[in-house]
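Welcome! Please take a look at the structure below, and then work through the exercises at your own pace.

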Amino acid sequence: LELAGTVKGSFEGAEVGNVMVMLMFLADAHLQDEALPLKTWHTYLFSESCSIGTLNLAILQLLKRRNYSLRVEDSELYDKYFPLIAVNHNFPLRCLPTGIQI
């Protein structure tokens, strides 16, 4: 599975879930004033699969693969965000911005 627009490269199986959780950690750390520390994420989500040191290295490698950027392009954001909001709030599809498809 390729996480298009997120990181370059392909992932398979449980690795996809691990990458998604690491991206959620990065988003939490970037957006929250008082984010949970990596040690807490490790305790509840990664303790059976890797050490805290390995998780820290994986997070750094993920950041490197994203060119140390936690931002997504506006077009990518709109392509993912508006259809999600439309489905969650029962918006008519005609209310989506031009060019956005579900």
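Three short exercises with worked solutions follow.

This is a predicted model, where local features need pLDDT of at least 70, side-chain atom pairs count only at pLDDT 80 or more, and totals for chains, interfaces and linings use all residues. Residues are numbered from 1 along each chain as its sequence is written, and side-chain values use heavy atoms, with hydrogens and water left out.

**Exercise 1.** Find how many helices and strands the chain has.

*Solution.* Start from the DSSP runs, numbered from the N terminus: helices are H or I with at least four residues, strands are E with at least two. Counting them gives four helices and zero strands. In sequence order, the pattern reads α-α-α-α.

**Exercise 2.** Work out which elements give two or more residues to the largest nonpolar core.

*Solution.* A nonpolar core is a set of buried (under 20% relative accessible area, 1.4 Å probe, protein chains only) Ala, Val, Leu, Ile, Met, Phe, Trp, Tyr and Cys residues joined through side-chain atoms within 4.5 Å. The largest one has 14 residues, and Phe 46 is among those that touch the most other members. The elements asked for are α1 (14–31), α2 (38–46) and α3 (52–65). Of these, α1 gives the largest share, six residues. Now look at Phe 46: beyond its neighbours within four places in sequence, its contacts (heavy atoms within 4.5 Å) are Asn 18, Val 21, Met 22, Trp 41 and Leu 55.

**Exercise 3.** Locate the salt bridge.

*Solution.* Look for a side-chain nitrogen of Lys or Arg within 4 Å of a carboxyl oxygen of Asp or Glu. The structure holds one such pair: Arg 71 and Asp 74, at 3.2 Å from N to O.

How values were computed: Buried means under 20% relative accessible area, exposed over 50%, partly exposed in between (1.4 Å probe, protein chains only).
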